[in-house]
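Here are some comments on the model, set out as numbered points. They concern the aromatic pairs and the surroundings of the ligand.

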Amino acid sequence: MKTGVGHGFGKLILCGEHAVVYGHPALAVAVNQGATVRLRAVEGPTHVVSPSIDDPRLLEAVISIVGESGWAVTIESDLPIGKGMGSSAAIAVALVRAFAHSQGQSISLDDVYAKAYAAEAAFHGTPSGLDHAVASRGGMLWFERGPPTVMRPAPVPPFPVVVIDSGSAGNTKDMVNGVLSRRPAVDPILAAIGDLVPKVHAALLDPASLGPLLLENHGLLKDLGVSTPVLDQLVDLAMAHGAHGAKMAGAGGGGVVLAVTPSPEGLVEAANQAGFASFIAHAAPIQEPA
Ligand code: PMV
């Protein structure tokens with residue numbers, strides 16, 4: 001019986017969300033949380049065995065990759081859904097890899113990216129491509145939307161990042177459309193975010209220099225109108241517990257805050273005590289090209 005298995009990484013955007021949609025650079029890191037897809041050949045229509053997600057876009061994405069018939073699909077993910085950690089891109093990448101595996105094909109990183117992007121469009125409309133670039137490549141990535149699309153490995157911070165979950169999910173498509181509707185008034189904010197990216201790149205190995213840049217990025221995202229009072233509160237909580245810096249990560253309207261801190265365990269405990277789920281994320285390794 002034909003089977004296939006594949007994995008995609010979750011991600012955290014260190015700098016550049018939203019601005020990346022308009023051609024500014026962004027930096028994002030793959031994390032050790034992610035999605036694994038298992039395929040099993042069956043008679044009849046392709047269907048998702050588990051989880052039983054009542055989201056027609058998921059089946060649409062699955063079918064766009066494996067076809068309308070012939071597969072039972074199992075998806076495992078330890079990423080919070082809709083929280084800015086790229087769960088749908090991780091699933092799309094895992095599906096592409098699982099299908100190639102089931103066909104006995106080795107697939108290049110460029111092909112994984114292109115095929116996952118097409119599937120990801122079912123979730124996000126016109127994503128920048130950042131999420132599935134990181135979901136497929138691992139490590140830290142400097143990304144610029146093309147053409148030509150730029151994807152360059154960047155230094156992976158040797159320290160972990162604390163993730164704090166606001167408890168509510170945002171809708172990426174709505175958040176991206178919201179920013180679009182506020183242009184051109186918000187263009188200077190998008191440009192200021194873009195200007196931060198090279199500075200963040202230069203600070204990737206030094207948490208004390210990185211922290212203030214993350215905080216500055218959060219302030220710009222707040223000005224852009226994509227943060228929420230709870231996300232702002234979580235940034236304040238991280239700073240009050242000695243973090244070097246913190247910011248919301250992803251499209252916003254909900255989702256997670258990331259923090260760089262000298263005492264990750266202490267911050268996770270403080271966030272948990274304040275009633276917010278929190279965990280320590282480590283960078284996932286860079287994938288070797290196939
Ligand atoms: O879908 P999220 O929350 O992981 O964030 C996507 C990042 C955006 O810049 C807001 C959109 C995009 O397509 O790059």
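1. Y113 is buried, its relative accessible area being 12%, whereas Y117 counts as partly exposed at 25% relative accessibility. This is a predicted model, and the values below should be read accordingly. Both tyrosines belong to helix α3 (residues 109-124), where they are 4 residues apart, about one turn of the helix.

2. The structure holds 2 aromatic pairs. In one of them, the rings of W71 and F99 have centres 6.1 Å apart and planes at 85°, so the pair is edge-to-face. Because W71 lies in strand β4 (residues 69-77) and F99 in helix α2 (residues 87-102), the pair ties together parts that are 28 residues apart in sequence. W71 is buried, with a relative accessible area of 6%, while F99, at 23%, is partly exposed.

3. For Y113 and Y117, the ring centres are 6.3 Å apart and the planes stand at 40°, so this pair is tilted.

4. Turning to the ligand, 16 residues surround it, of which K11, H18, S128, T172 and A251 come nearest. Side-chain N or O atoms of S128 and T172 lie 2.5 Å and 2.8 Å, respectively, from an oxygen atom of the ligand, and a backbone N or O atom of A251 lies 2.9 Å from a ligand oxygen atom. The protein covers 95% of the 380 Å² of accessible area that the ligand has on its own.

5. The shell around the ligand divides into 6 nonpolar, 7 polar and 3 charged residues, and β1 (3-15) and α5 (172-182) each supply at least two of its residues.

6. Finally, the charged end of R183 sits over the ring of Y22, 4.2 Å from its centre.

How values were computed
Residues numbered from 1 in each chain as written. Predicted model: local features only at pLDDT ≥ 70, side-chain atom pairs only at ≥ 80, totals over all residues. Heavy atoms only, no water. Near = heavy atom within 4 Å. Polar contact = N/O pair within 3.5 Å; in protein donor to acceptor, adjacent residues only side chain to side chain. Areas by Shrake-Rupley, 256 points an atom, 1.4 Å probe, with all protein chains shown as cover. Nonpolar A, V, L, I, M, F, W, Y, C, P; charged D, E, K, R; others polar. Phe/Tyr/Trp six-rings, centres within 6.5 Å; stacked < 30°, edge-to-face > 60°. Buried < 20%, exposed > 50% of the residue type's maximum accessible area, 1.4 Å probe, protein only. Lys NZ or Arg CZ within 6 Å of the ring centre and 35° of its normal.
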